[in-house]
Structures are given as C-alpha cells and as structure tokens.
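Hi there,

Here is the structure I promised to pass on. Have a look first, and my notes follow below.

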Amino acid sequence: MIPDWVLIVLATVLGAAIGSFLNVCIYRLPREMSVAWPPSSCPHCGQTLAWYENIPIAAYLALGGHCRTCRNRIGARYPIVEAVTAAMFAIACWYYGPGLLLVSRLVLGCALIVLFAVDLEHHLLPNAITLPGIVVGFAFSLFIAPGWVDSLLGIALGGGSLLAMFYGWLWLRGEEALGMGDPKMLAMIGAFVGWRMTLLTLVFASFIGSLIGVALIVTGRGDRKSMVPFGCFLALGAVVAIAAGREILDWYLGTFA
Ligand SMILES: [Zn+2]
C-alpha cells in the first residue's frame, strides 16, 4: 500500500507537468495552432526550448523569467499556471483520494484553468475545450456522481440559463452582455457536476463578478460598460461551488431561513 503523502507528492509533480501542457493550450488554442506540434518555443524569438527549459516553475526561476536566447521577458502566467495546476492536483488528491471522481474533477479543473486564462487575455472561450468538455463530463457521469440524468439536467440548465440571459439582454437592451462561449462553458460545468452545483456556480460567479465589477468602478479602472470576461467568474464560481458549495448553502439556509 502506497502511503498517502507519496501519492500527494506524485500528484503534485504530475500536476506541474500537466500545467506546463496547459500553458501550451492557453497560448495556442486562441491562435488556432496545434497543441501537439511543433515543440514549445520562445514567443519572441522562436527559439525551440531546450529540455531543461521545459521543467515547470524551476526553469522560469533559474532563468529569472527571461528567454535564454533573446533575453526577452517570459510572462509570469507560465509559472503561475504550473503552480496552480500542481496545487490543484495535490489538494484534489488529498481530498478525493485515488479513483474516478478524482480523475473527473482534475479533468474539469484543467479545462477551467485553460478557459480562465484564455478568457482573461483574449475574451474568448475556445470550442475546442467547451464542446468536448460537455461530452467528457457526461461520459464520466455514466459511472460516477452526479449520474447521467443529473448531468443532462446540468447541461440543459447551464446552457439554457445563459442563453436565456444572452437573448433576454439583447431583447431588452439591444446589446450582447455575454459571449456565446459562456453558455457552452456552463453547460460543460453542468455535465460534470449536475444541475444543483451548476445553479450554485452561476450564483457564485455572478456574486464574484459583481464584487470585482464594483471594485473596478470604485478604483476607477473600469466602468459599467467594461466588457467583463464572464468565463473567468464561471471558473471561479465552479471552484467555490465544488469546494464549499454545500457548506455555504447550509450556512445560508441556517442563517436566513
Ligand atoms: Zn527568445
């Protein structure tokens, strides 16, 4: 029997390596490039990276955040994504223990990291993640929680609620408040977590979004018209719903009902 701490260390190392691949997806998907080929290169000078430059986090620190060849700065996004992915793998491995539910949560988590980073930078949510994500989430639900019926309801609620919001806003105000990627992203989340968690995700995402929106207006860095990358808030909302949704709901119902 392998001790738990060994599994968690292995999960952390695997997470850092997968985080390195997520960086490739984050850079290439919005540019419609293949994620499999060619090997990673410097975005400034095009020099193919040496094997040791692909070591997550350590290479960035060792090179002081600069390209070895052209000395241009490499974005902090690279080590941040690797560290966040490694931490997610460690925490999920500790929380769920080995099993299909762990795999399912990690697949969803990786998709959310990519969508968050791409939406933040490019204001778009690639179909290459959201559409296969819906299928994969449903496939997992054939074997584990929330079960396939709940998964289908999650897809319908996630996609339907944001589509209704999209068309409602268009009809009321004549403007697009959301992108068409957002309904697909929430449908994907719904496929993995079922309709209840999807509803919580939407509530938390809206709450986080309004907090940040108010903060931006108060600090003068945005106005009511600023385009908000709602996919970022959906990703954060889903994480909160999965990690603490039940506890927050119990507390809320206990306090206010
Ligand atoms: Zn370079």
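To start with the place where the two domains meet: 17 residues of domain 1 are in contact with 14 residues of domain 2. Please keep in mind that this is a predicted model. The domain assignment puts residues 1-98 of the protein chain in domain 1 and 101-257 in domain 2, and the C-alpha centres of the two domains are 25 Å apart.

Which helices supply the side of domain 1 that touches domain 2? Both α1 (4-28) and α3 (77-96) do, with at least two residues each. The largest share is from α3, which gives nine residues. In terms of chemistry, that side of domain 1 is made up of 14 nonpolar residues, two polar ones and one charged one.

I also looked at how α1 packs against α4, the helix that covers residues 100-122. Two packed helices are described by the angle between their axes and the distance between the axes. For α1 and α4, the angle is about 40° and the axes are 10 Å apart. An angle of about 40° is neither under 35 degrees nor in the 65 to 115 range, so α1 counts as oblique to α4. The crossing of α1 past α4 is right-handed.

If you would like to find this contact in your viewer, pick Ile18, Leu22, Cys25 and Ile26 on α1, and Cys110, Ile113, Val114, Ala117 and Val118 on α4. By class, the contact of α1 with α4 consists of nine nonpolar residues, with no polar and no charged ones.

Best wishes

Technical notes
Residues are numbered from 1 along each chain as its sequence is written. This is a predicted model: local features need pLDDT of at least 70, side-chain atom pairs count only at pLDDT 80 or more; totals for chains, interfaces and linings use all residues. Domain bounds come from an automatic or database domain assignment. Two residues are in contact if their C-beta atoms, placed from the backbone, lie within 7 Å. Helices (H or I, at least four residues) and strands (E, at least two) are DSSP runs, numbered from the N terminus. Ala, Val, Leu, Ile, Met, Phe, Trp, Tyr, Cys and Pro count as nonpolar, Asp, Glu, Lys and Arg as charged, and the others, Gly among them, as polar. Axes are lines fitted to C-alpha atoms, for helices over the stretch in contact, and angles run from 0 to 180 degrees between N-to-C directions. Angles under 35 degrees count as roughly parallel, over 145 as roughly antiparallel, 65 to 115 as roughly perpendicular and the rest as oblique. A crossing is left-handed if the near helix is turned anticlockwise from the far one by less than a right angle, and right-handed if clockwise.
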